[in-house]
Amino acid sequence: MSTVFLFPGQGGQYPGMLRELPRHPAAAQVVEEVSGRLGHDVRDLDSEEALRSNASVQVALFTAAVASWRVVDALGGRPDFVAGHSIGAFGAAVACGALSLGDALDAVRVRGRAMEDAYPSGYGMGVVLGLDERAVAGLVERAVRPGEPVYTTNVNAPRQIAVSGANAAVDRVLELAGPAGATKAERLRVNVPAHCPLMRGPQERLADVLSGAAFGRPVAPYASNSTGRTLRTGEAVREDLVRSVACAVRWHDAMSVLYERGARLFVQMCPGDALSRLAAGAFPEARATSLRETGPAHVLQLLCREGGAGM
């Protein structure tokens, strides 16, 4: 049985998350390294005010995920696969050895600023639960207005579909969802229209910065955001990181592929537990947990049982 390390995306951020990282030298080293490259303490980015900025959110999430992974790695925990949702893909790329922390951080900073610069206000994301992708696409068609685009984006589960676009259009989709049979429809804590064609400009800026980054062969297969397939070359990881900015995240497809390949333990890095809960709901026979929920010591015990420690 195989183990997957999961790296979360936007929506799971909260004030103080960088000050709740595991107290371990490996986490402290990541915080210090990131702070040095930023020129200020990265922990300043997880205040309530700072997290209103899309750029700050992405750097803070990347730091939390990589720092928590480094703790597990220092204790001897190794994954068979890595997967990151949206900005989490950069943490996954670092964890599998495809990209250095420094190059990944530089790209994350450009990505976050470019997305915010392109759409500083008036745009965002929502999520619909209880309807499938086709049904949500029908609501999107009804919600579009001239100058107010909206798109179906991330497929997190068969009946958990995200939408991105102008706030007014996103709100119309959410209003239509209840009468259409949705069990829940709400705004996400994302203030840009991520993972849709509106992100072509930021995608080009990210491509430029990643063109100068060195990519290595992943030591563990990396699950693609844009296709759901596992990738085994550095160039394929580069292409996925660029492409996924303006493409929907096929998260459920990726998790299903990993499950079919024997994954039975899904471990989410900090912050939060959204991805581990998705895995638990999709695959009842598997074990899913988060570092925040159980702590590094218990995660290592689970990895030892599954053969993912000391490899």
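Which hand does the crossing of helix 1 and helix 4 have? The crossing is right-handed. Keep in mind that this is a predicted model. Below is a quick tour of that helix pair, then helices 10 and 9, and finally a residue in helix 6.

**Helix 1 against helix 4**
- Two packed helices are described by the angle between their axes and the distance between the axes.
- Here, helix 1 (residues 25-38) packs on helix 4 (residues 101-118) at about 55 degrees, and their axes are 11 Å apart.
- Angles of 65 to 115 degrees would count as roughly perpendicular and those under 35 as roughly parallel, so this pair is oblique.
- Helix 1 brings Val-30, Glu-33, Val-34, Arg-37 and Leu-38 to the contact, and they meet Leu-101, Gly-102, Leu-105, Asp-106 and Arg-109 of helix 4.
- Sort those contact residues by character and you get five nonpolar, four charged and one polar.

**Helix 10: one side in, one side out**
- Leu-275, Ser-276, Leu-278 and Ala-279 are the buried residues in helix 10 (residues 274-282).
- Those four span an arc of only 155 degrees around the axis, so they sit on the same side of helix 10.
- An α-helix has 3.6 residues a turn, so residues three or four places apart point the same way.
- Flip to the other side of helix 10 and you find Arg-277 and Gly-281, both exposed.
- The buried residues of helix 10 have plenty to pack against: strand 1 (2-7), strand 4 (150-157), strand 5 (160-166), helix 9 (251-260), strand 9 (263-268) and strand 10 (287-290).

**Helix 9 and His-252**
- Helix 9 is largely enclosed by the rest of the structure, because seven of its 10 residues are buried.
- The buried set is made up of Trp-251, His-252, Ala-254, Met-255, Ser-256, Leu-258 and Tyr-259.
- His-252, a helix 9 residue, has a relative accessibility of 17% and therefore counts as buried, the cut-off being under 20%.
- Not counting residues up to four places away in sequence, His-252 touches Val-155, Asn-156, Ala-157, Pro-158 and Ala-282.
- After helix 9 comes Gly-262, with a positive phi near 105 degrees.

**Ala-169 in helix 6**
- Ala-169 belongs to helix 6 (residues 167-177), and its relative accessible area is 0%, so Ala-169 is buried.
- Leaving aside neighbours within four places in sequence, Ala-169 is in contact with Ala-143, Glu-148, Pro-149 and Val-150.
- Ala-143 and Ala-169 are 26 residues apart in sequence, and their C-alpha atoms are 5.5 Å apart in space.

Terms used: Residues are numbered from 1 along each chain as its sequence is written. This is a predicted model: local features need pLDDT of at least 70, side-chain atom pairs count only at pLDDT 80 or more; totals for chains, interfaces and linings use all residues. Side-chain values use heavy atoms; hydrogens and water are left out. Axes are lines fitted to C-alpha atoms, for helices over the stretch in contact, and angles run from 0 to 180 degrees between N-to-C directions. Helices (H or I, at least four residues) and strands (E, at least two) are DSSP runs, numbered from the N terminus. Angles under 35 degrees count as roughly parallel, over 145 as roughly antiparallel, 65 to 115 as roughly perpendicular and the rest as oblique. A crossing is left-handed if the near helix is turned anticlockwise from the far one by less than a right angle, and right-handed if clockwise. Contact means heavy atoms within 4.5 Å. Ala, Val, Leu, Ile, Met, Phe, Trp, Tyr, Cys and Pro count as nonpolar, Asp, Glu, Lys and Arg as charged, and the others, Gly among them, as polar. Buried means under 20% relative accessible area, exposed over 50%, partly exposed in between (1.4 Å probe, protein chains only). The arc is that of the directions from the helix axis to the C-beta atoms.
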